[in-house]
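Let's take a walk through the inside of a protein. Have a look at the picture first, and then we'll go from its empty spaces to its packed parts.

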Amino acid sequence: MSLSPDFRPSTRHAQLGEAFYDVVKPASFPERRLRFRNERWAARVGLDGLTEAEWLDHFGRFAPLPGSFPQPLALRYHGHQFGVYNPDLGDGRGFLFAQVHDLHDGRLLDLGTKGSGRTPWSRMGDGRLTLNGGIREVLATEMLEAQGVNTSKSFSLIETGEDLDRGDEPSPTRSAVLTRLSHSHIRIGTFQRFLALDEPDNIRRLLDYVIETYWPGLAPLPAAERPTAFLEALGGVTARMGAQWMVAGFVHGVLNTDNINVTGESFDYGPWRFLPTHDAGFTAAYFDHAGRYAYGRQPSVLLWNLCRLGECLLPLAPQAAIEAALGAFAPTFRQAFVEETMRRLGLELEGGEADTRLTETFWTFLRDSQAPFEQAFFDLYGGEASAARRARSPAAEAYSGDAFAAFGTMLAAARSRPNLRLDHAYFAAPEPCAMVHAEVETILGAIAAGDDWAPFHAKLAHIAQMRKAYGTETAALPT
């Protein structure tokens, strides 16, 4: 097998014991056709040397990776779905296939699946994933990573040769299995399960495992301080993730408690969308009739989910301490929102109120002008250093109206960040790489109608160019 000599597998999750997972078998698929292979992240975990046949064997048949789990683990959890508690969740069409270490920073990574077959938690589902669903997740993760969002990575997408019946798209539809790479499969819903089962010892065991595995800086704390320290730390990275979504114009669509993990990473992309223009009420899921997970409500929903985690920690810590830890979310989000806005605009932080005023004025302009969302960030990137390019923009009219005047004055006085790559070919184009719904549908339509993958590969190439232009291709992940 063509593994890097630095490849570092792990079976650490198995240490939690059988109360936390079920050993399962993957589905047997009639065919395996490789549709996406994440070469950058394969190199980062020592799997880039795999031949295509070996890749299909591990990520299409799920032959064990040497040194990791001999059989996959379907994880157990509960969760709130659209505000309603569901005790019948768990990995119903996925499992934890393997654990490996990041060769860049040494951190533990999980290789989890989507569409890999039925498990004890499948309920009435078939355990499968549509090809369209897999393609959409690849597009979402690649785009978000390029925008600097702390996201899981789509690692592999393999078409599996089955016809699936789905009510929300024309059936039969093609099938696939996705492997994603993230820092943890453990989620808020994992804690909720043990609260519902009244098993405080397992809550403590899970908390200790999470801290020692993912938050080692908290490990030296006394046992009494660990619950609230973890809650505050997770709240901090979750707040930043939420700020990154907002600044990317991203709407997750299904912010249930089982979709928030213990490392503050964005993951599990179903009915996601990117904003065409600023709209606080924009929703991604056609079934989100009340707008619970609308774009503008995402920060408050993230805090609501963290409050549910706080409830799980009440057997281990006083309520006042839990509430104090949760109280750090809002100011952390506000500061992160300012910092992420300035980063995406390519502007230097001045510190204090000046950055806040500039940020507020920019978002007022974006709302009032209804300028194309991604186009505006593209045109304004670098401030006055991009003035000539802004003047040539298809959205140039938006920068000459009253809505832009106040922000334009501030922009002229702002400093560009050092080492911007404004001479990159990406910025020579009139329009940025965007991911509005119509384009996604065009990509999916080309594949469905004529098995034409050219638009998909062209979009991935454009995203890669964007990633290099913004310098996010080697960005270190938050710790």
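How much space lies in the largest cavity? About 40 Å³. A cavity here is a set of points, on a 1 Å grid over the protein atoms alone, where a 1.4 Å probe fits but cannot get out, and its lining residues have an atom within 4 Å of a point. The volume is the space filled by probe spheres set on the points, with grid points joined across faces, edges and corners.

Before going on, a word on where this comes from. This is a predicted model, so local features need pLDDT of at least 70 and side-chain atom pairs count only at pLDDT 80 or more, while totals for chains, interfaces and linings use all residues. Residues are numbered from 1 along each chain as its sequence is written, and side-chain values use heavy atoms, with hydrogens and water left out.

**The empty spaces**

The structure holds two cavities of 30 Å³ or more. Here they are next to each other. In the table, Ala, Val, Leu, Ile, Met, Phe, Trp, Tyr, Cys and Pro count as nonpolar, Asp, Glu, Lys and Arg as charged, and the others, Gly among them, as polar.

| Cavity | Space | Lining residues by kind |
|---|---|---|
| Largest cavity | About 40 Å³ | five nonpolar, three polar, no charged |
| Second largest cavity | About 30 Å³ | six nonpolar, two polar, one charged |

Want to find them in the picture? Around the largest cavity you'll see H13, L16, F20, L75, H185, I186, T190 and L206. For the second largest cavity, look for L231, E232, G235, G236, L306, A325, L326, A328 and F329. Two elements, α6 and α8 (319-326), each give two or more residues to that second lining. Helix α6 provides four residues, the largest share. (Helices are DSSP runs of H or I with at least four residues, strands are runs of E with at least two, and both are numbered from the N terminus.)

**The packed parts**

Now for the filled space. In soluble globular proteins, nonpolar side chains tend to be buried together. A nonpolar core is a set of buried Ala, Val, Leu, Ile, Met, Phe, Trp, Tyr and Cys residues joined through side-chain atoms within 4.5 Å. "Buried" means under 20% relative accessible area, "exposed" means over 50%, and "partly exposed" is in between, using a 1.4 Å probe and protein chains only.

The largest nonpolar core has 112 residues, and F191, V210 and F230 have the most contacts inside it. Helix α6 (residues 226-248) gives this core its largest share, 12 residues. Apart from this core lies another one of 25 residues, including V24, V45, F62 and L181. Back in the largest core, V210 touches I186, F191, W215, F230 and V262, leaving out residues up to four places away in sequence. Contact means heavy atoms within 4.5 Å.

**Two helices**

Helix α9 (residues 329-345) has 17 residues and reaches 24 Å from its first C-alpha to its last, close to the 24 Å expected at 1.5 Å a residue. That expected span is 1.5 Å times one less than the number of residues. Among its buried residues are F329, F333, E340 and R344. Right after α9 comes G346, with a positive phi near 70°.

Helix α15 also has 17 residues, which should span 24 Å at 1.5 Å a residue, and its end C-alpha atoms are 24 Å apart, which agrees. Its buried residues are F456, K459, L460, I463, M466, R467, A469 and Y470. They pack against β3 (33-37), α1 (39-45), α3, α9, α11 (373-380) and α14. One of them, R467, has a relative accessible area of 6%. R467 touches R40, E142, A146, T472 and E473, again not counting residues up to four places away in sequence. G471 follows α15 and has a positive phi near 75°.

**Loops with a twist**

Which kind of place does F62 have, buried or exposed? F62 is buried, because its relative accessible area is 4%. F62 sits in the loop between α2 (52-60) and β4 (73-75), and its phi is positive, about 60°, although F62 is not a glycine.

N419 also isn't a glycine, yet has a positive phi of about 65°. N419 is in the loop between α13 (402-413) and α14 (437-450), and at 74% relative accessibility N419 counts as exposed.

Technical notes:
1 Å grid on protein atoms, 1.4 Å probe; cavity = no way out; pocket = protein on both sides within 12 Å on 5 of 7 lines; lining within 4 Å.
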